[in-house]
Amino acid sequence: MLTIINREREAGGSHGLQAQSGRTECWLEGWIVLPEGLREAYLACGGYCELEIRDGALAGIVPDRDSPAPWLERAREKEAEEEALRLRLSATDYQALKCCEAALLGGEPPYDPKELAARRQDLRDQINRVRAERDEARRRAERPAGEARE
């Protein structure tokens, strides 16, 4: 499989990437072959980089100082963390329903309602914190090129 990279930045500020099997040379004008040895460097910066071209070949990749790639990765990590917390919260739904059912029927709840409510609120608070961190990471990743991402 041959991978090529756009010599020019796309609208979002990164260099586009395409790959096709069975190719032995670049098939698009304005694009250049991405050597296998530079693939990891490209992936690490998410395409937000300067291309070093020597003698018509891509010789190096220099990540942008203010690349959004780290913020995009942080946003993905926070999304995964949020999903794990939401699963933990939903795992307590049955217990909450059993407590409500017992209260409606005038019986004793099978779980301590106060402890269960506190545990569920703690999980909701954690979810809200993680969402805020995810949203902040997304906001920083979406800053226009040239504007500091901190």
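The following numbered points comment on the strands, turns, cysteines and one helix pair of this predicted model.

1. **The open sheet.** Three strands make up an open sheet, arranged in the order β2-β1-β3 with antiparallel pairing. The edge positions belong to β2 (15-20) and β3 (31-33), each of which pairs on one side only. From one strand to the next, the twist averages 30°. As general background, strands of a sheet pair through backbone hydrogen bonds, in either a parallel or an antiparallel sense.

2. **Pairing of β1 with β2.** Strand β1 covers residues 2-9 and pairs with β2 in the antiparallel sense through five bridges. To locate the register in the model, the reader may begin at I4, whose bridge partner in β2 is Q18. The two strands belong to a hairpin with five residues between them. In that hairpin G13 adopts a positive phi, near 100°.

3. **Pairing of β4 with β5.** Strand β4 (residues 49-54) and strand β5 (residues 57-63) run antiparallel and are joined by six bridges. C49 has P63 as its bridge partner in β5. E52 also lies in strand β4. The C-alpha atoms of E52 and V62 are 7.5 Å apart, although ten residues separate the two along the chain. Is E52 buried, exposed or partly exposed? Its relative accessible area is 31%, so E52 counts as partly exposed.

4. **The turn at D55.** β4 and β5 form a hairpin in which two residues lie between the strands. D55 is located in the loop between β4 and β5. This residue deserves a look when the backbone is inspected: its phi is near 55°, a positive value in a residue other than glycine. For context, most residues other than glycine have a negative phi. With a relative accessible area of 84%, D55 is exposed.

5. **Cysteines.** How many disulfides does the structure hold? The number is zero. For C49, the closest cysteine sulfur is that of C45, at 3.9 Å, which is too far for a bond because a disulfide requires the sulfur atoms to be within 2.5 Å. C49 has 0% relative accessibility and therefore counts as buried. For C99, the closest cysteine sulfur is in C100, and the separation of 7.0 Å is again too far for a bond. C99 is likewise classed as buried, at 9% relative accessibility. C49 thus combines two roles in this description, since the residue is buried and is also bridged to P63 of β5.

6. **Helices α2 and α4.** Helix α2 comprises residues 69-90 and helix α4 comprises residues 113-141. Their axes come within 8 Å of each other and cross at roughly 165°. Because angles over 145 degrees count as roughly antiparallel, α2 is roughly antiparallel to α4. The crossing of α2 and α4 is left-handed. What kinds of residues make up the contact of α2 with α4? They divide into ten nonpolar, one polar and 15 charged.

7. **Places to inspect.** Two positive phi values merit attention on the displayed model: that of G13 in the hairpin of β1 and β2, and that of D55 in the turn between β4 and β5. The sulfur atoms of C49 and C45, at 3.9 Å, may be viewed alongside them.

Note on methods. Residues are numbered from 1 along each chain as its sequence is written. This is a predicted model: local features need pLDDT of at least 70, side-chain atom pairs count only at pLDDT 80 or more; totals for chains, interfaces and linings use all residues. Side-chain values use heavy atoms; hydrogens and water are left out. Axes are lines fitted to C-alpha atoms, for helices over the stretch in contact, and angles run from 0 to 180 degrees between N-to-C directions. Helices (H or I, at least four residues) and strands (E, at least two) are DSSP runs, numbered from the N terminus. Angles under 35 degrees count as roughly parallel, over 145 as roughly antiparallel, 65 to 115 as roughly perpendicular and the rest as oblique. A crossing is left-handed if the near helix is turned anticlockwise from the far one by less than a right angle, and right-handed if clockwise. Ala, Val, Leu, Ile, Met, Phe, Trp, Tyr, Cys and Pro count as nonpolar, Asp, Glu, Lys and Arg as charged, and the others, Gly among them, as polar. Two strands pair if DSSP finds at least two bridges between them. Buried means under 20% relative accessible area, exposed over 50%, partly exposed in between (1.4 Å probe, protein chains only).
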